[in-house]
Amino acid sequence: MSERVLVTGGAGFIGSHVAERYLAEGFEVTVLDDLSHGKREHVPAGAAFVQADVASPEARALLAEGAFTVLNHHAAQADVRVSVRDPVFDAQVNLLGLLNVLEGARAGGVRRVVFASSGGVVYGEGTPPFAEEAAKLPVSPYGVSKLGSEYYLAAYAQLYDLETVALRYANVYGPRQDPHGEAGVVAIFCDRLRAGQPVTVYGDGEQTRDYVHVSDVARANLAATTCAVPPLGAIDDVAFNVGTGVETSVNALVAGLREATGRPVPVDRAPARAGELARSAVRIAKAARLWGWGPTCSLTAGLKQTYHWVAEEAA
């Protein structure tokens, strides 16, 4: 019998790619999404769909009664700036929403939980690339909610014999990323390039991020679902960084878009934004060693694919 997986947030950017990957590997997939940010058309063909809030009684009951073997939890309040403006809302969605589905999973006999965490926010400032055991000092409520979620998962693993894996994502980009939101610099830049408008670079443009393509992230989710879970002795034991290990500055990203599209990329300069991390990247040796996982999509190829998707969506 095939495994049954519930993907929360599966109508969103990353979650929909994860759901597609599960389907391709023979999983029986149900997507739960409230469509506040996700889109119904992003739910892959072959997946069942339930429209509900992750913190709702409906979501909890679905897990308790649905005979799922895996919970893949991507539903979240994922904007750092929203968390700074409204930390209570961030906690309600990210912490209470997680607890709601974990209680459903516990009642329903779910075997494993795969959780979308964030390497870009749990480590804070420092000298990248960060390994999983690096010091944690989140500088936003969003980072606190992600790290706090990992501790809840560790507690559930010890108390209720639930297998848990946390994937600490670097900066994920690719098709279906929202080009009109506040976050998602690659999609935003692609959309402005398509429209013939300049991109905005804050500060000197030398701030760095680790850009990983969403197809590689989907592969990491499959590995987190099928591979053995390491013994839990510390919070970082069942956490895995998912990135490339490579720092790319905003200026280099602009140059990469120019190379990938063959188009000029005009730039507007703006003052640096307070609270923005200067550097960020994650070390991926652990996933390579234990899962045989590594990124396969180059930044040039990924930027070209993302640009074409944004242009087709706008046509």
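## A walk through the fold, starting at Pro271

Pro271 sits in the loop that runs between strand β13 (267-270) and helix α10 (285-291). Is Pro271 buried or exposed? With a relative accessibility of 66%, Pro271 counts as exposed, because the cut-off for that word is over 50%. Keep in mind as you look around that this is a predicted model.

Although Pro271 is exposed, it still has partners from elsewhere in the chain. Setting aside neighbours within four places in sequence, Pro271 is in contact with Tyr202 and Gly203. You can also find Asp204 here: Pro271 and Asp204 are 67 residues apart in sequence, yet their C-alpha atoms are 8.4 Å apart in space.

Let us step back and view the whole protein. There are 11 helices and 13 strands to find. Along the principal axes, the C-alpha atoms fill a box of roughly 55 × 40 × 40 Å. A compact globule of 315 residues would have a radius of gyration near 20 Å, and the 19 Å of this protein agrees with that. Of the 315 residues, 52% count as buried. Pairings across the sequence are part of the picture too: among contacts with a separation of 6 or more, 79% are between residues 24 or more positions apart.

The outside deserves a glance as well. The accessible surface comes to about 13300 Å², and carbon and sulfur atoms account for 54% of it. The protein has 27 positive and 35 negative charges, and the mean positions of these two groups are 4 Å apart.

Now zoom in on a second loop, the one between β11 (239-242) and β12 (248-249), where you will find Glu247. Glu247 counts as partly exposed, because its relative accessibility is 27%. Which side chains make polar contacts with the side chain of Glu247? One of them is Thr208, at 2.6 Å, and another is Arg279, at 2.7 Å. In sequence, Thr208 is 39 residues away from Glu247, while the two C-alpha atoms are 5.5 Å apart. Beyond neighbours within four places, the contacts of Glu247 also include Pro128, Arg209, Ser280 and Ala281.

Our last stop is Glu103, which lies in helix α4 (residues 87-108). Glu103 is buried, because its relative accessible area is 19% and the cut-off is under 20%. Its side chain makes a polar contact of 2.9 Å with the side chain of Arg106. Leaving out neighbours within four places in sequence, Glu103 is in contact with Arg60 and Tyr156.

Technical notes:
Residues numbered from 1 in each chain as written. Predicted model: local features only at pLDDT ≥ 70, side-chain atom pairs only at ≥ 80, totals over all residues. Heavy atoms only, no water. Helix = DSSP H or I, 4+ residues; strand = E, 2+ residues; numbered from the N terminus. Rg over C-alpha atoms; globule rule 2.2 N^0.38 Å. Buried < 20%, exposed > 50% of the residue type's maximum accessible area, 1.4 Å probe, protein only. Contact = heavy atoms within 4.5 Å. Areas by Shrake-Rupley, 256 points an atom, 1.4 Å probe, with all protein chains shown as cover. Lys, Arg positive; Asp, Glu negative; His and termini not counted. Charge placed at Lys NZ, Arg CZ, Asp CG, Glu CD. Polar contact = N/O pair within 3.5 Å; in protein donor to acceptor, adjacent residues only side chain to side chain.
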